[in-house]
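Student: Could you walk me through how to read a few features of a model like this one? I would like to start with charged pairs and then move on to surface and confidence.

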Amino acid sequence: MRVDARPALVGGGFGWHRFYLHGFGDVWGWAHAIPTALGLWGVDRVLTYGQDDQLSWVLLPFLGVGLVAACLSAIVYALQPPQRWNARHNPTGPADARAGDTNWLTVIAVVLSLMVGATALMAGLAFSFQRYFEYQIEEGLRISQ
């Protein structure tokens with residue numbers, strides 16, 4: 001498996017894969033980390049204040065978006081042709097260097113990325129929309145009384 005598919009799968013929500021390849025000054029790495037941190041803050045608010053916390057409805061989808069972006073990065077990294085990977089990330093090595101090879105772990109990484117990304121996105125959206133519509137019904141009932 002490529003060296004970068006693992007950080008993207010495991011810590012991609014926090015931009016580990018970008019920081020690994022490009023350093024801590026990478027803007028796109030922080031673009032992964034900030035939404036994930038906001039989403040985790042939303043999870044903390046749900047656990048602290050309960051499901052009726054309106055700010056958590058807004059923050060929770062950011063976790064899904066951060067995880068989906070990380071999983072998409074893992075898929076893109078895992079499915080790049082070895083020559084392109086080595087040309088971009090191992091320019092001093094040969095085009096067929098071992099770092100660019102794929103194997104059965106690459107397939108597992110792609111499957112796990114699809115599973116985790118889809119689950120995170122759907123769960124975040126479902127929670128937020130459900131709470132939003134329940135709030136709308138509660139407000140409609142309160143106004144009608």
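## Reading salt bridges, surface and confidence

Tutor: Happily! Let's begin with a charged pair: Arg142 and Glu139 join their side chains in a salt bridge, with 2.6 Å from N to O. Keep in mind as we go that this is a predicted model.

Student: Why are Arg142 and Glu139 separated by about one helical turn?

Tutor: Because the two residues are 3 apart in helix H6, Arg142 and Glu139 sit about one helical turn from each other.

Student: Is Arg142 buried or exposed? And what about Glu139?

Tutor: The general idea is to look at relative accessible area, where over 50% counts as exposed and under 20% as buried. Arg142 has 55%, so Arg142 is exposed. Glu139 has 22%, so Glu139 is partly exposed.

Student: How many salt bridges does a search of the whole structure find?

Tutor: The search finds 4. Among them is the pair of Asp26 and Arg18, whose side chains meet at 2.7 Å, N to O.

Student: How should I class Asp26, buried or exposed? And Arg18?

Tutor: Use the cut-off of under 20% for buried. Asp26 has a relative accessible area of 10%, so Asp26 is buried. Arg18, at 16%, is buried too.

Student: Which residue meets Arg45 in a salt bridge?

Tutor: That is Asp53: the two side chains are 2.6 Å apart, N to O. Try the accessibility reading again here. Arg45 has a relative accessible area of 17% and is therefore buried, and Asp53 counts as buried at 12%.

Student: Let's turn to the surface. Which residues make the nonpolar surface patch of about 540 Å²?

Tutor: The patch is made by Trp104, Leu105, Ile108, Leu112, Met115 and Val116. Take Met115 as an example: Met115 belongs to helix H6, which spans residues 104–144. Its relative accessibility is 46%, so Met115 is classed as partly exposed.

Student: Last topic: confidence. What is the average pLDDT of the protein chain?

Tutor: The average is 81, and 89% of the residues score at least 70.

Student: Where is confidence lowest, and where is it highest?

Tutor: First, the general idea: where pLDDT is low, the predicted coordinates should not be read in detail. In this chain, helix H1 (residues 5–11) has the lowest confidence, with a mean of 63. Helix H3 (residues 27–49) has the highest, at 89.

Note on methods:
Residues are numbered from 1 along each chain as its sequence is written. This is a predicted model: local features need pLDDT of at least 70, side-chain atom pairs count only at pLDDT 80 or more; totals for chains, interfaces and linings use all residues. Side-chain values use heavy atoms; hydrogens and water are left out. pLDDT is the predictor's confidence in each residue, from 0 to 100. Helices (H or I, at least four residues) and strands (E, at least two) are DSSP runs, numbered from the N terminus. Patches are made of residues with over 30% relative accessible area and no salt bridge: like charges are joined within 9 Å, nonpolar side chains (Val, Leu, Ile, Met, Phe, Trp, Tyr) within 5 Å. Accessible areas come from the Shrake-Rupley method with a 1.4 Å probe; for residues, only the protein chains shown count as cover. Buried means under 20% relative accessible area, exposed over 50%, partly exposed in between (1.4 Å probe, protein chains only).
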